[in-house]
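Here are my notes for you to read with the model open beside you. Take the points one at a time and find each spot as you go.

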Amino acid sequence: MLKLYAMFLTLIFLVELVAAIVGFVFRHEIKNSFKNNYEKALKQYNSTGDYRSHAVDKIQSTLHCCGVTDYRDWTDTNYYSEKGFPKSCCKREDCTPQRDADKVNNEGCFIKVMTIIESEMGVVAGISFGVACFQDI
């Protein structure tokens, strides 16, 4: 029974190790995938509250950013042509930006999200490595 348990733990360790290596090797594809999906979410944005639009609003309001690379990304969307910038782009909470670029955050969200992910990657890798190693003890 102990040998079976040890083999099972070793298998779990190897799966975690492979997942970490794959994540590291394909990190650029992950970035590109996030950027493409965020651009698609902007194009399909509406104020009815679907999960993509809610995610865009949450990212923009939390990180104080607007658009993918900058606020001008919104000008290519149907939402902008109908209503202007969404409220989640506002620099202040009580604004109605419509098409006034001075009222919205200038910096894009992609750079901010990637900066946060990359800054926390060491912590995530350390915790993952620690969990994987201590499983076999």
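1. Start in a loop. His 64 sits in the stretch between helix H3 (51-63) and helix H4 (78-83). Keep in mind that you are looking at a predicted model. What is the phi of His 64? Phi there is near 55 degrees, a positive value in a residue other than glycine. That deserves a second look, because most residues other than glycine have a negative phi. As for its surroundings, His 64 has a relative accessible area of 47%, so it is partly exposed.

2. Stay in that loop and look for cysteines. How many disulfides does the structure hold? There are 2 disulfides. If the term is new to you, a disulfide is a covalent bond between the sulfur atoms of two cysteines.

3. One of these bonds joins Cys 65 to Cys 109, with the sulfur atoms 2.0 Å apart. Cys 65 belongs to the loop between H3 and H4, while Cys 109 belongs to helix H5 (residues 109-135), so the bond ties together parts that are 44 residues apart in sequence. Turn the view to see the twist: the torsion about the S-S bond of Cys 65 and Cys 109 is about 100 degrees, which makes this disulfide right-handed. Are these two cysteines buried or exposed? Both Cys 65 and Cys 109 are buried.

4. Now for Cys 66, which forms a disulfide with Cys 89; here the sulfur atoms are 2.1 Å apart. The pair links distant parts of the chain, as Cys 66 is in the loop between H3 and H4 and Cys 89 is in the loop between H4 and H5, 23 residues apart. The torsion about the S-S bond of Cys 66 and Cys 89 is about 80 degrees, so this disulfide is right-handed. Cys 66 has 0% relative accessibility and therefore counts as buried. Cys 89, at 0% relative accessibility, also counts as buried.

5. Next, go to helix H2 (residues 27-43). Its 17 residues reach 24 Å from the first C-alpha to the last, close to the 24 Å expected at 1.5 Å a residue. Which residues of H2 are buried? Look for Tyr 38, Ala 41 and Leu 42. They cover an arc of only 100 degrees around the axis, so they lie on the same side of H2.

6. Leu 42 turns up again when you check Thr 77. Thr 77 is in the loop between H3 and H4, and it touches Leu 42 and Lys 43, leaving aside residues up to four places away in sequence. With a relative accessible area of 4%, Thr 77 is buried, because buried means under 20%.

7. How do two helices meet? Two packed helices are described by the angle between their axes and the distance between the axes. For helix H1 (residues 2-25) and H2, the axes come within 4 Å and cross at roughly 65 degrees. On the H1 side you have Gly 23, Phe 24 and Val 25, which meet Arg 27, Glu 29 and Ile 30 in H2. Sorted by class, this contact has 3 nonpolar, 1 polar and 2 charged residues.

8. Finish with Phe 129, in helix H5. Is Phe 129 buried or exposed? At 55% relative accessibility, Phe 129 counts as exposed. For a sense of distance, try Phe 129 and Asp 94: they are 35 residues apart along the chain, and their C-alpha atoms are separated by 45 Å.

Note on methods. Residues are numbered from 1 along each chain as its sequence is written. This is a predicted model: local features need pLDDT of at least 70, side-chain atom pairs count only at pLDDT 80 or more; totals for chains, interfaces and linings use all residues. Side-chain values use heavy atoms; hydrogens and water are left out. Helices (H or I, at least four residues) and strands (E, at least two) are DSSP runs, numbered from the N terminus. The expected span of a helix is 1.5 Å times one less than its number of residues. Buried means under 20% relative accessible area, exposed over 50%, partly exposed in between (1.4 Å probe, protein chains only). The arc is that of the directions from the helix axis to the C-beta atoms. Axes are lines fitted to C-alpha atoms, for helices over the stretch in contact, and angles run from 0 to 180 degrees between N-to-C directions. Contact means heavy atoms within 4.5 Å. Ala, Val, Leu, Ile, Met, Phe, Trp, Tyr, Cys and Pro count as nonpolar, Asp, Glu, Lys and Arg as charged, and the others, Gly among them, as polar. A disulfide is a pair of cysteine sulfur atoms within 2.5 Å.
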